[in-house]
Amino acid sequence: MRDFSYLRATSADAARQAAALPGAMLLAGGTTLIDLAKCGVAAPDTLVDITHLKGLDKIEVNERGATIGALARMSHVADHAGIKSRFPAVSEALWQAASAQLRNMATIGGNLMQRTRCPYFRDPSNFPACNKREPGSGCSAIGGVTRGHAVLGASDACIAMYPGDLAVALVAFDATVHLGERKLLVDDFFLRPGATPDREHAIEPGEMITAVEIPGSAAARRSTYLKIRDRQSYEFAAASAAVGIEFEADGRTIRDLRVALGGVATKPWRARAVEDALKGKVLEPDAVRAASRLAVEGAVDHGANHYKIELAPRVVARAILKLGETV
Amino acid sequence: MTVHTRHGDASDGALAQAVGGRLSRVDGPAKITGAAKYAVEQQLEGLAYAALVESTIASGKVRVIDTTQAEAAPGVLQVLTPDTIISLRSASDWFGTPPPDKPYCPLARDITFSGQHVAAVVAETFEQAVAAAALVKVSYDETPSIVDLSDAKAGDGIPVDAMTKEWGDAPAAFASAPVRICAAYNTPREYQAPMEPHGLIARWEGDHLTVWEPSQWLDGMARTYAEWFGLPFENVRLVSPYIGGGFGSKALALSHGAIAASAAKMLGRPVKLVMTRPQTFTGYGGRAATRQTVTIGAGHDGVIQSIVHRGVNETSIDGMWVEPLGSVTSIMYATPNFSSKQNVVRVNSVVPGAMRAPGENPSAFGIESAIDELAYQVGIDPLEIRLRNYAEQDPHARKAWSTRQLREAFAAGAERFGWARRTPEPRSMRDGNQLIGWGVAAGTYPVRRAYGEAIVRILADGSVEVESSSIDMGQGTYTILAQTAAETVGVPADDVVVKLGDSRFPRAGVTGGSRLAGVMTGAVHKAATSALDQLIGLAISDPRSPFHTLQANTLVVSNGRIGSPRGDGPEVSIAELLKSVGRDHIEATGDTMPANSTAEDRYKNYTTIAMALPHTEGNYSRHSWCAHFIEVRVDEDFGTVRVSRVVSALDSGRLYNPKLAESQWKGGIIMGIGQALLEEGVMDRRHGRIVNDNLADYLVPTNADIPDIEVISVGIPDLHSSALGGKGVGELAIVGVAPAIANAVFHATGKRVRDLPITLEKLI
Ligand SMILES: Cc1cc2nc3c(=O)[nH]c(=O)nc-3n(C[C@H](O)[C@H](O)[C@H](O)COP(=O)(O)OP(=O)(O)OC[C@H]3O[C@@H](n4cnc5c(N)ncnc54)[C@H](O)[C@@H]3O)c2cc1C
Ligand code: SF4
């Protein structure tokens, strides 16, 4: 039997130190970590439980923006009045994720660290080849079941889709992740697989996410998260879009636009080409639809996931047009 | 009659307690509070835990099983491989066909599917067993596998002659018909996905075996265990007080049961084995994947002249599963010419199994989609075309229907749904980006009749006890048997205790094919009647009885009190009467077997399905019927389908408890929505393995996917079908849901999807 030790961190520093040791992993809500341990993917020697740390679950929202503690629960953030009014896309991304039970357990820090749902990644006994799990072992997905795999940002080593929702909204609004003192853009926090798909986040051993900061903006205030999937609830996105928009005084000309995609790429995917094509233009359905196609520029499919290339631009266009309607 | 399920109504009052009343589930509180103890929750002294090792290839041979590391792991008590497990005997199949005279080994050397059990580890704790199982190293000599029906190596399969149904000259009539349609319909592998996974605890005491295991058929499974281990049937006891969902998957003793019972015997300790969720997708069979071709020849008036139907279902390399695909095709519509044939194709899969309405379910997807296609071809309303081809008698058996309230179902459902307001053109109804479609389809399920027995005891305190080895997997056996005994004896249902799920109790056949309620209400009614007769007999004849001097020829029992029919004379409680005559209980056994049945007949009746009465026995053809009216909303950009309204009218004959029947109907409809839109075992064709073997990836509907469902009962008592007039409830309602949704999707989008499930990429 695989014994592991459990350690309840008493301070953030103690947690960092303990987690820096080889084989140690931070434990927050456990909804990813315990699951992966059961699948035989994660095998920590030490679990460093950070859920008792004080002060890391605060949610602060003001004109300048929002700061969300790493231990804030998904359900609390989704329900927070300030988040709902100033960052609707963030709230919507959260409540459309996972299930009510999971959202009550899961934390924002853990959410950013969730792993891919690639079925081959999650089944080591049947599929030993997985570069993300075992660098250099190959990729079982390529040539296999790829309906849920990425069409953007993939490499020859790995085509796994980034499954989360929240980070898509965070990337759209230039949020930063706080690793204690070190801060970096969420967009830079998530790495493309390249030749090292095992490395998904720009986080070093001994670092811990302490908070996420989202700058306030007019675009964030008029924003939405549109998530499309076969099942109405409790399913990862087939394609999703976090979109925010700011109009000029005329109420029609787009001053600022933010677009990020989920469910289609190896990381939360900012679609700047769509933003650039529409900024300064009058919001008009045909133009929006044409520009939205730029969201999947460079997309490559693996057969069964081809539909994502069709679907994603439609999701983007619908989200933009929906925000336009509420002018 | 509309029978909405209301909450907080007063329907659990006195009237609810009789047969036909809306009594709430008597097992409900125990389940809600967690007091209900399921089979594998028994706490036993000295319990050891087993974990399975499964094949990771789909076809080939086990070369070596290296158990060194596993054996050295902490807590490990034994590692079972094909070489070390005790030898068992082959058991007969569920028809009772005598088994081949050769040993049976539940651990495989020859691999015919991915996920086959090849070894097992038993340890002191569950965690130790699981960890050690991962240390068992199995190497294989792999051979090419046949992945599924579409595999080039699969071929046309083996004809199943027993499935052939023909009359008239269907090909010729088709060739000369003015209107012809022909299409192929496919359903994928689907899984029962019960909430409670399969598992068991096996304990030996000498040559007596007790098995705590969720079971839809205690006596059938006990027989299999007895045959495997060469024991007299009486030496095996199956205990299954509650079942957390079966949907057909828990009717047979399966290889994991043989492994756990063998381990317990070898170890001399009780052993518990519970399947992991992924193992519930590979360790036993879900619904077989099917392919059907339906051709219909008709006149311009939509009247069918010929139906030619060809079906194929998957079976395993060395097992045989036939999913009767012509079952609905052959009875739903009147046609002078008909031909249906079926093949099975061997693929490298676990042998498929029963899943809610096996046969009827995929069969209805074919014919009920095809008739919709015909309706559009000839330009006739899909409801009208069904009425034009209404079968006034069973077209195959050529017998009168016992009852067929399908016309009433169409009428009631259409009225409530507002079908008359439907505009026939595809894409003609919309709400913004949502294309709206309305579809109709019919369903049916045969009335399967078998036998059961029960004991009814009237106890000293006046309460009544019922015992039967039948089971309750959520469908409500505890409740309706309490109602039956209560009404028959004349006591409140609250005073009846029903004991089920122990093979030591009087026997019952399989809880499958929607037969149990009809069978067991009959048996309990009979036993309760004779207990009541004894009670009244005592009251009249015993010199110590207060009624003795009355010289009455009968008495009545009502609300637990006994008195004269006219209300004159004394009135005492049952308890008082029993006390006065010095009896501590009265007991009667009742069964529904033919009068001259031998002990051998009984054994066969309860442990095989060979003796079940055909639904066309005698002068009648007996079936339940239903009509589903379904509205979908399809997003024109995204292809997502949401069911927004369901009205179903159903004929299950007399309902013993409408509340429970509605709940089962709704459950069937919900499962049908899952089948139509979500459920599919997704195959990695290189490995011959299902990759979505868990409940995050194998999608079943959530509450958010389910709209308000309105069910309308249009049944009338059918005494040709059962003693108390009911027909089957449990399986009926799933039949026809998937085609009703596919038809609604066509109406919404103009796209005919003939491959389930209807996922978004099929519509964008
Ligand atoms: C069935 C299912 C469905 C789901 N559906 C969705 C969905 O639709 N959309 C979606 O977005 N998500 C979904 N999720 C993922 C879910 O949101 C994540 O599991 C959850 O957010 C993880 O948070 P946690 O606190 O439980 O993390 P844990 O499981 O405790 O930790 C996850 C990882 O993060 C690390 N970690 C935790 N906290 C920190 C920290 N502060 N700093 C550094 N590292 C840390 C841990 O070491 C671990 O590696 C689903 C999950 C499941 C199981
Ligand atoms: S796609 Fe990535 S995660 Fe999936 S098997 Fe390939 S390497 Fe592993």
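Trainee: How do the residues of the shell around ligand 2 divide by class?

Mentor: The split goes by residue type: Ala, Val, Leu, Ile, Met, Phe, Trp, Tyr, Cys and Pro count as nonpolar, Asp, Glu, Lys and Arg as charged, and the others, Gly among them, as polar. Here the shell has ten nonpolar, three polar and one charged. Of the 14 residues around ligand 2, Cys118(A), Cys130(A), Cys139(A), Cys158(A) and Ile159(A) come nearest (near means a heavy atom within 4 Å). Keep in mind that this is a predicted model, where local features need pLDDT of at least 70, side-chain atom pairs count only at pLDDT 80 or more, and totals for chains, interfaces and linings use all residues. Residues are numbered from 1 along each chain as written, chains are lettered from A and ligands numbered from 1 in written order, and side-chain values use heavy atoms, without hydrogens and water.

Trainee: Which domains is chain B divided into?

Mentor: Bounds come from an automatic or database domain assignment. For chain B they give domain 1 (14-36 + 450-607), domain 2 (41-144 + 198-281) and domain 3 (392-448 + 616-762). The C-alpha centres of domain 1 of chain B and domain 2 of chain B are 38 Å apart. Their contact (heavy atoms within 4.5 Å) takes 23 residues from domain 1 of chain B and 22 residues from domain 2 of chain B.

Trainee: And helix packing?

Mentor: Two packed helices are described by the angle between their axes and the distance between the axes. In chain B, helix 5 (residues 218-229) and helix 6 (residues 255-267) pack at about 50°, axes 11 Å apart.

How values were computed. Axes fitted to C-alpha atoms, helices over the stretch in contact; angles between N-to-C directions. Helix = DSSP H or I, 4+ residues; strand = E, 2+ residues; numbered from the N terminus.
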